[in-house]
Amino acid sequence: FGEAMNASSLTSTNVRLRDAAGNAIASTLSYNATTRVLTVNPTPTLVANSAYYTVTVAGGSTGVRASDGSTLGAAYSFHFTCGTPNFSEQNVFTGLD
């Protein structure tokens, strides 16, 4: 995170890991206040294939909070895979100089 977070707001309700089908994956969360890094550690071993997993961090008044009480304006999601990505685009990066 870009700023110190309120660790009590970093819960499994506010930080969710899901598989490609949208099923919740049990995980433990640990927050390092010094480095401001949240680690999401799935309880089951994730499958190494080209399917994508999604982590969603809840925003708004009921989502995660910074230590000063401020919130994310909206939910933030990112995707990752444990295997070889399955790109459908011919040009993955465009507009680079």
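Is Y53 buried or exposed? Keep that residue in mind while you open the model, which is a predicted one, and come back to Y53 once the strand that carries it is on the screen.

**The sheet**

Begin by selecting β1, β4 and β5, which in that order make up an open sheet of 3 strands with antiparallel pairing. The edges of this sheet are β1, at residues 15–18, and β5, at residues 76–81, each of which pairs on one side only. If you look across the sheet, neighbouring strands are turned against each other by 20° on average, direction ignored.

Next, restrict the selection to β4, residues 52–57, together with β5, and you will find the two strands paired in the antiparallel sense over 6 bridges. Pick V55 and then its bridge partner in β5, which is F78; keep both highlighted, since they return at the pocket.

**The aromatic pairs**

Now show the side chains of the aromatic residues, among which the structure holds 3 aromatic pairs. For one of them, select F1 and Y31, whose ring centres lie 6.4 Å apart and whose planes meet at 65°, so that the pair is edge-to-face, the cut-off for this class being over 60 degrees. This pair links distant parts of the chain, with F1 in the segment before β1 and Y31 in strand β2 (residues 27–32), 30 residues apart. F1 itself is partly exposed, with a relative accessible area of 36%.

Move on to Y53 and F80, an aromatic pair that is stacked, with 5.6 Å from centre to centre and 25° between the planes. Here too the pair links distant parts of the chain, as Y53 sits in strand β4 and F80 in strand β5, 27 residues apart. The opening question can now be settled: Y53 has a relative accessible area of 6% and is therefore buried, because the cut-off for that class is under 20%. Its partner F80, by contrast, is partly exposed, at 26%.

**The pocket**

Finally, turn on a surface or pocket display and go to the largest pocket, which has a volume of about 200 Å³. Of the 13 residues that line this pocket, select L38, V40, V55, V57 and F78, which are the closest to its centre; the bridge partners V55 and F78 are thus on view again. Colouring by strand shows where the lining comes from, for β1, β3 (37–42), β4 and β5 each supply at least two of its residues. Colouring by residue type instead gives 13 nonpolar residues in the lining, with no polar and no charged ones.

Notes: Residues numbered from 1 in each chain as written. Predicted model: local features only at pLDDT ≥ 70, side-chain atom pairs only at ≥ 80, totals over all residues. Heavy atoms only, no water. Pairing = 2+ DSSP bridges. Helix = DSSP H or I, 4+ residues; strand = E, 2+ residues; numbered from the N terminus. Axes fitted to C-alpha atoms, helices over the stretch in contact; angles between N-to-C directions. Phe/Tyr/Trp six-rings, centres within 6.5 Å; stacked < 30°, edge-to-face > 60°. Buried < 20%, exposed > 50% of the residue type's maximum accessible area, 1.4 Å probe, protein only. 1 Å grid on protein atoms, 1.4 Å probe; cavity = no way out; pocket = protein on both sides within 12 Å on 5 of 7 lines; lining within 4 Å. Points joined across faces, edges and corners; volume = space filled by probe spheres on them. Nonpolar A, V, L, I, M, F, W, Y, C, P; charged D, E, K, R; others polar.
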